[in-house]
Amino acid sequence: VCADVTPPTGTITTITSPRNTILTSNGYALGTIAGTGSDATSNVTAVYVVIREWDKLGGAEGACDAHNRDWNGSAWVAACTAWMTPVITPALNVNWTAATGLAGQMTYGRSYHVYLNVVDAAGNSSLWVPNVVIEYIAPQAPTASNVTGTLPDYCTTGPAVTVSWTYGDFE
């Protein structure tokens, strides 16, 4: 009998477009995440999810340094110190769901990496790799176009101007 030395695999299924998923509502897109874990011979026994924030002000993206923080389910803490563990029933193929608690906790202009690690009963572990990277882009500012000013007859009205414009709010 050969020992199981093949690591399990996993995917995040609720966020499908790395780098193209742009949040427009503070934390909403990461309110709940879900995915799968599987192994050909040993039951999947644990799933670990890390959500890491990078401030883009320095350091390496996704690194364990002062420019990155991890979400522990209720607060941002030092990078590489926290993860979430969705509850699963051990099996060869598992589906998992995790409520993140991130609503209102994300910051415009930062990147958020969602890492997944799956462990099987034989002790094998998938790699901690970022399955998803989300750019949190601030909603676009409203714009004004076709701005025109009409000057009056200063002799009869005094200093004044009438301004007209077209307004667009893109959020």
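In strand β6 of this predicted model, A98 is the bridge partner of I33. The same pairing can be followed in both directions from there: T32 is matched with A99 of β6, and S38 has N93 of β6 as its bridge partner. Altogether, 7 bridges join β6 to strand β2, which spans residues 32-38, and the two strands run antiparallel. Strand β2 also takes part in a second pairing, with β1, again in the antiparallel sense and over 4 bridges. Here I12 finds its bridge partner in G35 of β2.

Taken together, these pairings give an open sheet of 3 strands in the order β1-β2-β6, with antiparallel pairing. Strands β1 (9-12) and β6 (93-99) form the edges, each pairing on one side only. From one strand to the next, the twist averages 20°. As background, strands of a sheet pair through backbone hydrogen bonds, in either a parallel or an antiparallel arrangement.

It is helpful to look next at the side chains of β6, where an alternating pattern appears. V94, W96 and A98 point to one face and are buried, while N93, N95, T97 and A99 point to the other face and are not buried. Such alternation between the two faces of a sheet is what a regular strand shows. The pattern can be read alongside the bridges: A98, the partner of I33, belongs to the buried set, whereas A99, the partner of T32, and N93, the partner of S38, belong to the set that is not buried.

W96 also leads into the interior of the protein. The largest nonpolar core comprises 19 residues, and those with the most contacts inside it are V47, V49, I51, W96 and L116. Strands β3, β6 and β7 each supply at least two residues of this core. In soluble globular proteins, nonpolar side chains tend to be buried together.

Another tryptophan, W54, is placed in strand β3, which covers residues 44-54. W54 counts as buried because its relative accessible area is 15%, below the 20% cut-off. Its side chain reaches the backbone oxygen of G58 at 3.0 Å. Beyond its neighbours within four places in sequence, W54 is in contact with G59, A60, E61, H67, N68, R110 and S111. A further relation links W54 with G109: the two are 55 residues apart along the chain, and their C-alpha atoms are separated by 9.3 Å. G109 itself lies in the loop between β6 and β7. At 38% relative accessibility, G109 counts as partly exposed, whereas W54 is buried.

A buried polar residue is found in another loop. N124 lies between β7 (111-120) and β8 (129-135), and it counts as buried at 13% relative accessibility. Which backbone oxygen lies 3.0 Å from a polar atom of the side chain of N124? That oxygen belongs to D4. The side chain of N124 also reaches the backbone oxygen of T6, at 3.4 Å. Leaving out residues up to four places away in sequence, N124 touches D4, V5, T6, P7, P8, V118 and V119. D4 and T6 thus appear both among the residues that N124 touches and as the sources of backbone oxygens for its side chain.

Seen as a whole, the protein has 1 helix and 10 strands. From the N terminus on, its elements run β-β-β-β-β-β-β-β-β-α-β. Of its 171 residues, 35% count as buried. Among contacts between residues at least 6 apart in sequence, 65% join residues at least 24 apart. The protein exposes about 9600 Å², of which carbon and sulfur atoms supply 58%.

Terms used
Residues numbered from 1 in each chain as written. Predicted model: local features only at pLDDT ≥ 70, side-chain atom pairs only at ≥ 80, totals over all residues. Heavy atoms only, no water. Pairing = 2+ DSSP bridges. Axes fitted to C-alpha atoms, helices over the stretch in contact; angles between N-to-C directions. Buried < 20%, exposed > 50% of the residue type's maximum accessible area, 1.4 Å probe, protein only. Contact = heavy atoms within 4.5 Å. Areas by Shrake-Rupley, 256 points an atom, 1.4 Å probe, with all protein chains shown as cover. Polar contact = N/O pair within 3.5 Å; in protein donor to acceptor, adjacent residues only side chain to side chain. Core = buried A, V, L, I, M, F, W, Y, C linked by side-chain atoms within 4.5 Å.
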